[in-house]
Amino acid sequence: QVQLVESGGGTVQAGGSLLLSCAASKSTYGYCMGWFRQAPGKEREKVATKQAYAYRGETYADSVKGRFAISKDNAKGTLYLQMSSLKPEDTATYYCAAEAGACTTSTDFDYWGQGTQVTVSS
């Protein structure tokens, strides 16, 4: 089992940046990690994933490619999401998630944080 706690959300103007962090209760080595978001009235969207073992192995939703960057510090057990050039449509609650093993297209994340709110004003 792993517990996840997100932080770093807030309100920012369009074009600004935010760094989200997700602290895990154990090392994130060997875990596929991901960031998801959900806006009111919309379905949950997978934003980015980071492979369990590979040095790179990141994937991004088309809507955030080139603006967001996912990374993790296995030793600290922390996952990050650097968000830049933020747009009002990025407004959502952001969740981190973890699943033991490598990320695949059918990864079903078992562990979730409580979420952190990101609001981008125009």
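# Exercises on strands, disulfides and cores

E7 and E8 run antiparallel and are joined by 6 bridges. The model in these exercises is predicted.

**Exercise 1.** Describe the hairpin of E7 and E8, and find which strand pairs with E8 besides E7.

*Solution.*
Step 1. Begin with a residue pair across the two strands: Lys72 stands opposite Leu79 in E8.
Step 2. Look at the turn. The hairpin of E7 and E8 has 4 residues between the strands, and Gly77 takes a positive phi near 65° there.
Step 3. Turn to the other partner. E3 pairs with E8 over 6 bridges, in the antiparallel sense. In this pairing, Ala23 stands opposite Thr78 in E8.

**Exercise 2.** Work out how many disulfides there are and which cysteines they link.

*Solution.*
Step 1. Apply the cut-off: a disulfide needs two cysteine sulfur atoms within 2.5 Å. The count comes to 2 disulfides.
Step 2. Take Cys22 and Cys96. Their sulfur atoms are 1.9 Å apart, and the two form a disulfide. The angle about the S-S bond is 45°, and the link is right-handed. This pair links distant parts of the chain, with Cys22 in strand E3 (residues 18-24) and Cys96 in strand E9 (residues 92-100), 74 residues apart.
Step 3. Take Cys32 and Cys103. Here the sulfur atoms lie 2.0 Å apart in a disulfide. The link is right-handed, with 105° about the S-S bond. Cys32 is in strand E4, while Cys103 is in the loop between E9 and strand E10 (111-112); they are 71 residues apart.
Step 4. Number the bonded cysteines in sequence order. The pairing is then 1-3, 2-4.

**Exercise 3.** Decide whether the four bonded cysteines are buried or exposed.

*Solution.*
Step 1. Recall that buried means under 20% relative accessible area.
Step 2. Cys22 has a relative accessible area of 0%, so Cys22 is buried. Cys96 is also at 0% and therefore buried.
Step 3. Cys32 counts as buried because its relative accessibility is 1%. Cys103 has 14%, so Cys103 is buried too.

**Exercise 4.** Examine Arg37: where is this residue, is Arg37 buried or exposed, and which side chains make polar contacts with it?

*Solution.*
Step 1. Locate the residue. Arg37 is in strand E4 (residues 31-38).
Step 2. Check the accessibility. The value is 7%, so Arg37 counts as buried.
Step 3. List the polar contacts. The side chains of Arg37 and Glu45 are joined by a polar contact of 2.7 Å. Another polar contact, at 3.3 Å, is made with the side chain of Ser63.
Step 4. Widen the view. Leaving aside neighbours within four places in sequence, the residues in contact with Arg37 include Val47, Phe68, Asp90 and Tyr94.

**Exercise 5.** Identify the largest nonpolar core and the elements that contribute to it.

*Solution.*
Step 1. Recall the background: in soluble globular proteins, nonpolar side chains tend to be buried together.
Step 2. Find the core. The largest one has 27 residues, and those with the most contacts inside it are Leu4, Trp35, Val47, Phe68, Leu81, Met83 and Tyr94.
Step 3. Name the elements. Two or more residues come from each of E3, E4, strand E5 (45-50), strand E7 (68-73), strand E8 (78-83), E9 and strand E11 (116-121).
Step 4. Look for a separate core. Apart from the largest core lies another, of 5 residues, among them Cys32, Phe36, Ala97 and Phe109.
Step 5. Follow one residue of the largest core. Not counting residues up to four places away in sequence, Leu4 touches residues including Cys22, Met33, Cys96 and Trp112.

Conventions. Residues numbered from 1 in each chain as written. Predicted model: local features only at pLDDT ≥ 70, side-chain atom pairs only at ≥ 80, totals over all residues. Heavy atoms only, no water. Buried < 20%, exposed > 50% of the residue type's maximum accessible area, 1.4 Å probe, protein only. Polar contact = N/O pair within 3.5 Å; in protein donor to acceptor, adjacent residues only side chain to side chain. Contact = heavy atoms within 4.5 Å. Core = buried A, V, L, I, M, F, W, Y, C linked by side-chain atoms within 4.5 Å. Pairing = 2+ DSSP bridges.
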